[in-house]
Amino acid sequence: MKILLSAIYPYVYLLLFLTIPFEDYIRALPNVLMAILVIVFPFVVKKEDFKKIDRSLILLLLLFFGYLVVNAALSGTLGEDFSIIKKVLIAVGLVLLYIPVNDFDKIKKAIIFSSIAAIIFSVINIVVLTNTLSDFNFGDSPMIIEALLVDRLYLGLLAVLSILVSYSLMRPKFHPKNRYYLANIIINTLFLFLISTKIALLLLVFLLLLRQLYGTKKRVRIPILVLFVAILGTLFYVGLTHKDDKEPSLLTNLVTNTMTWELRSETWECGWKIAKKKGVNWAGIGFYNTKDQLVSCYKTEITNLEKKQEFIDKRYNTHNQFLDFYNSAGLIGLLLFSILIIALFVKKRHQYFPVALLLSLVAYCMVENVFHRQIGAYYIGFILIVLVSNKMVAQNNTLNEG
């Protein structure tokens with residue numbers, strides 16, 4: 001029986017990652033698969049399996065999660081905040097449930113296949129809309145956003161993960177499979193342009209620059225990096241100093257001409273006001289109470305009545321995970337989360353793939369409360385698996401260092 005469970009377990013784990021983008025259509029299935037993994041885990045895990053994860057990093061992760069639970073319990077907000085804390089548990093649980101899985105490359109490929117499936121589903125919907133609507137527009141059009149399988153932000157995150165995974169699986173020398181990984185990189189990049197997700201595209205630029213710091217031939221890579229940084233710095237400076245009310249700069253259009261910029265500017269402002277209200281906030285006010293405080297801020301700070309009502313009805317969160325942890329779990333919670341990120345970077349700083357994933361995690365935490373959505377928790381869990389692992393990156397060292 002144990003042999004059978006050990007053979008089935010990795011495929012259940014694999015299926016979980018394949019189904020994540022389709023959670024809106026098969027919401028119960030990921031939860032069922034997680035429950036199966038939890039039940040089977042004690043019967044398939046072996047003592048030597050624990051060697052594949054970094055104990056110091058996993059302890060920091062558990063310490064952070066444990067603090068959230070204990071702090072909420074002592075504050076009397078555990079019942080209200082459990083829906084958020086549960087999503088942090090999903091990310092932590094994915095790391096722990098990974099321990100009996102030996103072939104992580106299959107999990108990587110599940111990310112690739114789920115990304116392709118999400119792209120096909122979304123493109124088919126877009127094609128149907130273009131054939132039925134005469135005034136269909138691409139980019140930030142609400143119609144194209146409605147056509148996507150999941151929220152554009154998380155679809156962008158999935159595409160970035162798929163690109164990074166494909167790159168990590170490519171062999172240093174010619175290999176027939178390389179062409180498929182390259183094709184996947186091109187498809188996902190083109191799709192990011194199609195749905196016009198600026199966060200993901202900007203992140204890819206930084207990841208490309210980051211790549212120049214790794215591997216041999218640094219005499220070529222470093223000048224390329226310096227040149228790119230100089231060009232980007234010049235464009236950024238010109239964009240900031242450009243003053244023309246009739247014709248806004250390209251940078252201004254890039255940053256502000258988006259459907260989500262106005263939303264984030266309001267939520268960040270209110271989140272920051274809540275943070276300043278109490279001075280140094282050690283324990284936080286809870287995730288649910290933070291949303292209540294944000295709603296109160298929207299009522300007084302937003303003058304447009306229609307916009308105000310939308311913010312109140314939808315109870316928008318801070319759209320910044322760091323700010324959310326400070327307000328909800330206090331300075332201690334923010335410090336523990338920051339220490340975890342710093343420790344992950346220190347441990348993996350010599351390897352491109354995990355550092356690129358860590359940068360992706362930080363980038364999305366800057367613009368989204370990733371632990372407020374189940375799909376966000378799943379993908380953060382995938383990133384954490386790579387970052388706390390002692391084993392999986394070693395097989396790709398020849399690529400990362402080449």
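Me: Ground rule: buried means under 20% relative accessible area, exposed means over 50%, and partly exposed is in between. Where does R315 fall, buried, exposed or partly exposed?

Reply: R315 is partly exposed, at 25% relative accessibility. Keep in mind that this is a predicted model.

Me: Which side chain does R315 meet in a salt bridge?

Reply: That of D292, with N to O at 3.0 Å. D292 sits in helix α13 (residues 287-301), while R315 is in the loop between α14 (305-314) and α15, so the pair ties together parts 23 residues apart in sequence. D292 is partly exposed as well, with a relative accessible area of 29%.

Me: Which residues are joined into one network by salt bridges that share partners?

Reply: E262, E266 and K307.

Me: How many salt bridges does the structure hold?

Reply: Nine. One of them pairs D54 with K347, whose closest N and O atoms are 3.4 Å apart.

Me: Where do D54 and K347 lie?

Reply: D54 is in the loop between α2 (28-44) and α3 (55-75), and K347 is in helix α15 (residues 321-348). The two are 293 residues apart in sequence, so their pairing ties those parts together.

Me: Is D54 buried or exposed?

Reply: Buried, because its relative accessible area of 10% is under 20%. Its partner K347 is partly exposed, at 46% relative accessibility.

Me: What about R373, which residue does it form a salt bridge with?

Reply: D151. The closest N and O atoms are 2.5 Å apart. This one runs loop to loop: R373 lies between α16 (352-367) and α17 (374-388), and D151 lies between α6 (142-147) and α7 (152-169). The pair therefore ties together parts 222 residues apart in sequence. Both ends are partly exposed, R373 with a relative accessible area of 25% and D151 at 39%.

Me: Switching to empty space. How many cavities of 30 Å³ or more are there?

Reply: Three. The largest has a volume of about 80 Å³.

Me: Which residues lie nearest the centre of the largest cavity?

Reply: L61, F337, L340, F371 and L384, out of 13 lining residues. Two or more lining residues come from each of α3, α4 (78-98), α15 and α17. The largest share, four residues, is from α15.

Me: Same helix that holds K347, then. By class, what does the lining of the largest cavity have?

Reply: It has 13 nonpolar residues, no polar ones and no charged ones.

Me: And the second largest cavity, how much space lies in it?

Reply: About 50 Å³. Its lining is I274, K277, K278, N281, I285, Q293 and N327. That set divides into two nonpolar, three polar and two charged residues.

Me: On to pockets. How much space lies in the second largest pocket?

Reply: About 290 Å³. It is lined by 13 residues, and I163, L204, L207, L208 and Y352 are the closest to its centre.

Me: Which helix gives the most to the lining of that second largest pocket?

Reply: α9, with five residues. At least two lining residues come from each of α7, α8 (178-195) and α9 (198-211).

Me: How does the lining of the second largest pocket split by class?

Reply: Nine nonpolar, two polar and two charged residues.

Notes. Residues numbered from 1 in each chain as written. Predicted model: local features only at pLDDT ≥ 70, side-chain atom pairs only at ≥ 80, totals over all residues. Heavy atoms only, no water. Salt bridge = Lys/Arg side-chain N within 4 Å of Asp/Glu carboxyl O. Buried < 20%, exposed > 50% of the residue type's maximum accessible area, 1.4 Å probe, protein only. 1 Å grid on protein atoms, 1.4 Å probe; cavity = no way out; pocket = protein on both sides within 12 Å on 5 of 7 lines; lining within 4 Å. Points joined across faces, edges and corners; volume = space filled by probe spheres on them. Nonpolar A, V, L, I, M, F, W, Y, C, P; charged D, E, K, R; others polar.
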